[in-house]
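Colleague: I'm new to reading protein models, and I'd like to look closely at one small sheet and the parts around it. Could you walk me through that region?

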Amino acid sequence: MKGVVPPRPPRSGYAPRRPPATGAALWTNLRPTVRHGRVKQPARILVVGGGYVGMNAALRLRRALGDDARVTVVSCDPYMTYQPFLAETAAGSIAPAHVVVPLRRVLAGCTVIVGDVLRIEHARRTAIAATPASRQEGGTGEIELPYDEVVVACGSVSRTLPVPGLAETGIGFKTVEEAIGLRNHVLTQLDIASSTRDVEIRDAALTFVVVGGGFAGVGALGELEDMSRYATRHFHNVTAGDLRWVLVEAADRILPEVGAEVADRTLRELRRRNIDVRLSTRLESCEHSVARLSDGSRLPTRTVVWTAGVKPHPLVAACDLPRTGDGALRCDATLRLEGTAHAWAAGDAAAVPDLTAAEPGTLCAPSAQHAVRQARVLADNVVATLRGEPLTDYRHAHVGSVAPLGLHKGVASLYGRRLTGYPAWLMHRAFHLSQVPTLNRKSRVVADWLLAALVKREIVALGSLETPRAEFELAAGSDRRPDA
Ligand SMILES: Cc1cc2nc3c(=O)[nH]c(=O)nc-3n(C[C@H](O)[C@H](O)[C@H](O)COP(=O)(O)OP(=O)(O)OC[C@H]3O[C@@H](n4cnc5c(N)ncnc54)[C@H](O)[C@@H]3O)c2cc1C
């Protein structure tokens, strides 16, 4: 390939890069390429994060640059999670392993390192990371990853508030582990309610509070309420009427992502299903199995699901890179960090100008839709930079959103079409099936749906998944007992 300009100071002749003091094995595949008698060092591109942006950008960079670059992806998990399917995973319609995409299989030709980037020292073009192995190797437990170009794609974390009891008892809904944990937790509450004579314990077990009425919260609530109602068919002493699902939303409406008309229809549908939706209401505390709300009510509950928005990942604050007051990486429209060479960002961790918005200064909302498209433009611009070509601005008008509300129920506002109920549910499935990466995952998801349509839903609680050694410890005579 012509014109690849490694941005570091030029080296003469064959000069293999010195591996870092630790984690050297991670870099052993770095070799210069020889083209037309000239030696070129492959550009070292470090991608931090293996989510929507990280996986898609790395794939595109690898395809475009081939052996002219060494693309390394560092991610906390060895997989990318397709988050729009988490609600269906929690409800048991899709197997957990089928909503994640294995990075090593998809990113052939890239180096995938499972670990946490702890900070980025861009002034010396080095990221500092910790891997499960480096933590056991003694010393600082850290490895250094030098780079020529860095792509920061570490996404977001739940935006929490200082609500007493929330950090100790709240359940997030961003990861596949949380989705499985929540499913098991909800089903375990039905088991608890079924086996107690204590009215207070029973009430708390059968009351489920979800905080946050955006797409993630409404989708999780809709699917889990539907699943729990179905599960009560198999209990002799718990009925669907005993369940109490409460949605708490601080704003005066739900689903800010869609128009008022669709939001109103969804609200009516939720209330028709006896879901208690409290608008203009805040969670004030959730201690001692009681949720106190700003409207003065006091709900005994063992379940508080927190889906009240996201904020940029805390890693951003540990980087010497420009950021906004909200803690996001400040990008220009080419997805380069503002005024900073060789550093790029996109997705939930980045503040990217929305060039399609009527109002100047508007930023792209955190969504998969933007993340995937930004990843493509970002990768193309990294390639263009290495080749000395002009960069492209990111420009995409949001096409809308779709979310499931249980089996055969949904809400959609997509490409100008506003739907609720069965057509919206079909649209949700068709749209996300088209978006979920790889034919392999698409086939597995379709197989799950077909199976669920042919045989009854799976409603068993596997609560002991979280303490897999408890049984063996008990057998081995250890003092530890499985948690109640
Ligand atoms: C339940 C739910 C439903 C959603 N539904 C929709 C929807 O229907 N439509 C839509 O458009 N959007 C939806 N979204 C939003 C969408 O999923 C996000 O906007 C998108 O995932 C952002 O992509 P990202 O690459 O920035 O972050 P992510 O996909 O979250 O990826 C971040 C990656 O960074 C890694 N990482 C984090 N910190 C570090 C570190 N220190 N070191 C190394 N790696 C790190 C993580 O392991 C992860 O791999 C939904 C989100 C949720 C939670």
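**A small sheet and its surroundings**

Modeller: Happy to! Let's begin with strand β25 (residues 410-414), which pairs with β26 in the antiparallel sense over four bridges. Pairing here requires at least two bridges found by DSSP between the strands, and strands themselves are DSSP runs (E) of at least two residues, helices runs (H or I) of at least four, numbered from the N terminus. Keep in mind that this is a predicted model, in which local features need pLDDT of at least 70 and side-chain atom pairs count only at pLDDT 80 or more, while totals for chains, interfaces and linings use all residues. Residue numbers start from 1 along each chain as its sequence is written.

To find one pair by eye, look at leucine 414, which faces arginine 417 in β26. The whole sheet is open and has three strands, ordered β24-β25-β26, with antiparallel pairing. Its edges are β24 (400-404) and β26 (417-420), each of which pairs on one side only. On average, neighbouring strands are turned by 5° against each other, direction ignored.

Now for the helices around it. Helix α9 (residues 260-272) packs on this sheet and touches β25 and β26, where a contact means C-beta atoms, placed from the backbone, within 7 Å. The direction of α9 makes about 5° with that of β26; such angles run from 0 to 180 degrees between N-to-C directions, with axes fitted to C-alpha atoms, for helices over the stretch in contact. Helix α11 (residues 421-435) lies across β24, β25 and β26, and runs at about 65° to β25.

One strand of the sheet also leads us to the ligand. Which elements give two or more residues to the shell around the ligand? They are α1 (52-65), β4 (69-75), β8 (116-121), α8, α10 (368-387) and our edge strand β24. In total, 35 residues surround the ligand, and Gly49, Gly51, Gly155, Gly347 and Ser367 are the closest; a residue counts as near when its C-beta atom, placed from the backbone, lies within 6 Å. At least three residues of the shell come from each of domain 1 (24-158 + 311-387) and domain 2 (166-308 + 401-435), with bounds taken from an automatic or database domain assignment.

Finally, follow α8 (residues 215-231) from that shell to helix α6 (residues 176-195): the two pack at an angle of about 35°, with their axes 11 Å apart. Leu182, Val186, Leu187 and Leu190 in α6 meet Leu224, Ser228 and Ala231 in α8. Six residues of this contact are nonpolar, one is polar and none is charged (nonpolar: Ala, Val, Leu, Ile, Met, Phe, Trp, Tyr, Cys and Pro; charged: Asp, Glu, Lys and Arg; polar: the others, Gly among them).

Notes:
Two residues are in contact if their C-beta atoms, placed from the backbone, lie within 7 Å.
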